[in-house]
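Thanks for asking me to look this over. Here are my notes, point by point, to read alongside the model.

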Amino acid sequence: MTAIAGDDLAPWKVFADGTVVRVERDLADTVRIWIEEPKLRSAFGDGGTRFVLVLARCDQLRYTPLDEPPLLELGAIAASEPDLGPPSLVDRTVELRGSAGTLAVRYASLAIELDTGRELALADLRQAAITGRRH
């Protein structure tokens, strides 16, 4: 897997119109976040509907809905379906301010996959976001 540094905001900028629909942690410290972004996902064909961000050594994941206490339980975060807004980096933590709250995540590196299992290079993701062409 191609690792993207935890302080690189580039992948999050591409997903700024996406919605988190599923979050899981494995037995170690890897978190997988499924993101729906239909228009962008359609550029990759293959019948899938989502992207999966694989966050290695993830030590913080929190969603704070507007005017509510923070959610730390992964199922509760996914059930809230946070929409992702523009990213910023605050004390090594990526913060994404959506219309209904803020998702905060801190990790060592991430990789991007399609929900069909294919790994995706950041350059291909960016190109699809710019041109909308199939990859």
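1. A residue counts as buried here when its relative accessible area is under 20%. Tyr107 has 6%, so Tyr107 is buried. Please keep in mind throughout that this is a predicted model.

2. Tyr107 has an aromatic partner, Trp12, whose relative accessible area is 0%, so Trp12 is buried too. There are 3 aromatic pairs in the count. In this one, the ring centres of Trp12 and Tyr107 lie 6.5 Å apart with the planes at 50 degrees, so the pair is tilted. The pair links distant parts of the chain, 95 residues apart: Trp12 belongs to helix α1 (residues 10-14), while Tyr107 sits in the loop between β8 and β9 (109-114).

3. Another pair worth a look is Phe44 with Phe51: the centres are 5.9 Å apart and the planes stand at 90 degrees, so this pair is edge-to-face. Phe44 is buried at 2% relative accessibility, and Phe51 is buried at 0%. Ring pairs join Phe44 and Phe51 with Phe15 in a cluster.

4. Which residues touch the most other members of the largest nonpolar core? They are Trp12, Ile33, Leu55, Leu61 and Leu125, in a core of 36 residues. Beyond its neighbours within four places in sequence, Leu61 is in contact with residues including Val23, Ile33, Leu72, Ile77 and Leu103. Apart from this core lies another of 5 residues, among them Val21, Trp34, Val52 and Ala111.

5. Now to an open sheet of 4 strands, paired antiparallel in the order β5-β8-β7-β6. β5 (60-65) and β6 (87-90) are its edges; each has a single partner strand, so one side of each lacks a neighbour in the sheet. On average, neighbouring strands are turned by 20 degrees against each other, direction ignored. Between β5 and the antiparallel β8 (residues 101-106) there are 6 bridges, and Thr64 has Thr102 in β8 as its bridge partner.

6. Is Glu95, in strand β7 (residues 93-97), buried or exposed? Its relative accessible area is 11%, so Glu95 is buried. The side chains of Glu95 and Arg97 share a polar contact of 3.2 Å. Setting aside residues up to four places away in sequence, Glu95 also touches Arg62, Pro86, Ser88 and Thr102, among others.

7. Finally, don't overlook Thr30, in the loop between β2 (19-25) and β3 (31-36). Thr30 has 15% relative accessibility and therefore counts as buried. Not counting residues up to four places away in sequence, Thr30 touches Glu24, Arg25, Val54, Leu55 and Ala56.

Notes
Residues numbered from 1 in each chain as written. Predicted model: local features only at pLDDT ≥ 70, side-chain atom pairs only at ≥ 80, totals over all residues. Heavy atoms only, no water. Pairing = 2+ DSSP bridges. Helix = DSSP H or I, 4+ residues; strand = E, 2+ residues; numbered from the N terminus. Axes fitted to C-alpha atoms, helices over the stretch in contact; angles between N-to-C directions. Core = buried A, V, L, I, M, F, W, Y, C linked by side-chain atoms within 4.5 Å. Buried < 20%, exposed > 50% of the residue type's maximum accessible area, 1.4 Å probe, protein only. Contact = heavy atoms within 4.5 Å. Polar contact = N/O pair within 3.5 Å; in protein donor to acceptor, adjacent residues only side chain to side chain. Phe/Tyr/Trp six-rings, centres within 6.5 Å; stacked < 30°, edge-to-face > 60°.
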